[in-house]
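Colleague: Could you take me closely through one part of this model, going step by step and keeping to what the coordinates support?

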Amino acid sequence: MKYNKLVRDKIPDVLKEKGETPVTHTATDEEYWKKLKEKLKEEVAEFVSREDVEYLADILEIINAICEFKKFDPEMVEKLRKEKIKSKGGFSGKIILDEIKINV
């Protein structure tokens, strides 16, 4: 069966322990960036359809990998998140914007 997708580092070993023969390669930086974005979409879609906390953990792992690859400081990302909460708020208010009426 063919996959052509990014997997966690220990998956080939897990497959070998099951008696399977994984065929892998190490991605170039360009391929890795593309596959990280694909994996993020995949895990978000899984979470949306199943609402399982394990998929949230996978999403966080991918976000950490993206930060490492793009050399984004996770502390800076967290700081930006907090700044956005201060300036625009979070999502705990459950506010839905239905429309914006133009004042004449």
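**A lysine and the largest pocket**

Modeller: Setting aside neighbours within four places in sequence, Lys-35 makes contact with Asn-4 and Leu-6. This is a predicted model, and within it Lys-35 belongs to helix α2. The relative accessibility of Lys-35 is 10%, and because buried means under 20%, this lysine counts as buried. One of its two contact partners also offers a polar atom: the backbone oxygen of Asn-4 lies 2.9 Å from a polar atom of the Lys-35 side chain.

The other partner, Leu-6, leads on to the largest pocket, since Leu-6 is among the residues that lie nearest the centre of that pocket, together with Lys-5, Val-7, Arg-8 and Ile-11. The largest pocket has a volume of about 1400 Å³, and its lining is made up of 33 residues. Two or more lining residues come from each of the helices α1 (11-17), α2 (29-50) and α3 (53-70), and α2, the helix that holds Lys-35, gives the most, with 7 residues. By character, the lining divides into 15 nonpolar, 13 charged and 5 polar residues.

For a view further along the chain, helix α4 covers residues 74-88 and reaches 21 Å from its first C-alpha to its last, close to the 21 Å expected for its 15 residues. At the start of α4, a side-chain oxygen of Asp-73 comes to within 3.0 Å of the backbone nitrogen of Glu-75, while just after this helix Gly-89 takes a positive phi of about 90°.

Conventions
Residues numbered from 1 in each chain as written. Predicted model: local features only at pLDDT ≥ 70, side-chain atom pairs only at ≥ 80, totals over all residues. Heavy atoms only, no water. Helix = DSSP H or I, 4+ residues; strand = E, 2+ residues; numbered from the N terminus. Expected span 1.5 Å × (residues − 1). Polar contact = N/O pair within 3.5 Å; in protein donor to acceptor, adjacent residues only side chain to side chain. 1 Å grid on protein atoms, 1.4 Å probe; cavity = no way out; pocket = protein on both sides within 12 Å on 5 of 7 lines; lining within 4 Å. Points joined across faces, edges and corners; volume = space filled by probe spheres on them. Nonpolar A, V, L, I, M, F, W, Y, C, P; charged D, E, K, R; others polar. Buried < 20%, exposed > 50% of the residue type's maximum accessible area, 1.4 Å probe, protein only. Contact = heavy atoms within 4.5 Å.
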